[in-house]
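Subject: Structure for you to look at

Hi,

Here is the model I said I would pass on. Could you open it alongside this email and see whether you read it the way I do?

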Amino acid sequence: GNIEAMAHHHAGDYLAILAGTATGEVYLTENDGVSWSCIAKGLPPISKAGHYRWFLSDEERATVLDKMRTWKSQATA
């Protein structure tokens, strides 16, 4: 998925960069982007409004919308 959000954590000599995707993954690098690890997946889209929809096939879009409905109902339960 498209990278929709980024954050960094800096403490002393340590720097971590995190990137969230439009398809619900979060990636982490601790070596200035030389390598990345997926630290979370299966999340709702990390995206402004419906921007993520342009990056998905019809099947992927239906799957993501179902995940969003499930996540929202669990969060409000």
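Below is what I found in it, going from the overall picture down to single residues.

First, a caveat: this is a predicted model.

**Overall picture**

The protein has four strands and one helix. Starting at the N terminus, the order of elements is β-β-β-β-α, with helix 1 covering residues 58-76. Along the principal axes, the C-alpha atoms fill a box of roughly 40 × 30 × 20 Å.

Of the 77 residues, 22% count as buried. The accessible surface comes to about 5,500 Å², and carbon and sulfur atoms account for 56% of that. As for contacts between residues at least 6 apart in sequence, 19% of them join residues at least 24 apart. On the charge side, there are 7 positive and 9 negative side chains, and the centres of these two sets lie 12 Å apart.

**The sheet**

How are the four strands ordered in the sheet? They run 1-2-3-4 in an open sheet, with antiparallel pairing. That leaves strand 1 (3-11) and strand 4 (37-40) as the edge strands, each pairing on one side only. From one strand to the next, the twist averages 30°. As a general reminder, strands of a sheet pair through backbone hydrogen bonds, either parallel or antiparallel.

Going through the pairs, strand 1 and strand 2 are joined by eight bridges in the antiparallel sense. One pair to look up there is His9, whose bridge partner in strand 2 is Ala16. These two strands make a hairpin with two residues between them, and Gly12 in the turn has a positive phi of about 60°.

Next along, strand 2 (residues 14-21) pairs with strand 3 (residues 26-29) over four bridges, again in the antiparallel sense. Here Gly20 stands opposite Val26 in strand 3.

**Two loop residues**

I'd zoom in on Thr23 and Asp32. Thr23 sits in the loop between strand 2 and strand 3. Is Thr23 buried or exposed? Its relative accessible area is 17%, so Thr23 counts as buried, the cut-off being under 20%. Thr23 also has a partner from further along the chain to check: its C-alpha atom is separated by 7.2 Å from that of Tyr52, with their positions 29 residues apart in the sequence.

Asp32 belongs to the loop between strand 3 and strand 4. Its relative accessible area is 66%, so Asp32 is exposed. The backbone is worth a look too, as Asp32 has a positive phi of about 60° although it is not a glycine.

**Over to the helix**

In helix 1, I picked out Glu59. With a relative accessible area of 65%, Glu59 is exposed. How far apart are Glu59 and Asn31 in space? The answer is 35 Å, C-alpha to C-alpha, for two residues 28 apart in sequence. Set that beside Thr23 and Tyr52, which are 29 residues apart along the chain with their C-alpha atoms separated by 7.2 Å.

If you want a quick route through the model, I'd begin at the hairpin of strand 1 and strand 2, move on to Thr23 in its loop, and finish at Glu59 in helix 1.

Let me know what you make of it.

Cheers

How values were computed: Residues numbered from 1 in each chain as written. Predicted model: local features only at pLDDT ≥ 70, side-chain atom pairs only at ≥ 80, totals over all residues. Heavy atoms only, no water. Buried < 20%, exposed > 50% of the residue type's maximum accessible area, 1.4 Å probe, protein only. Contact = heavy atoms within 4.5 Å. Areas by Shrake-Rupley, 256 points an atom, 1.4 Å probe, with all protein chains shown as cover. Lys, Arg positive; Asp, Glu negative; His and termini not counted. Charge placed at Lys NZ, Arg CZ, Asp CG, Glu CD. Pairing = 2+ DSSP bridges. Axes fitted to C-alpha atoms, helices over the stretch in contact; angles between N-to-C directions.
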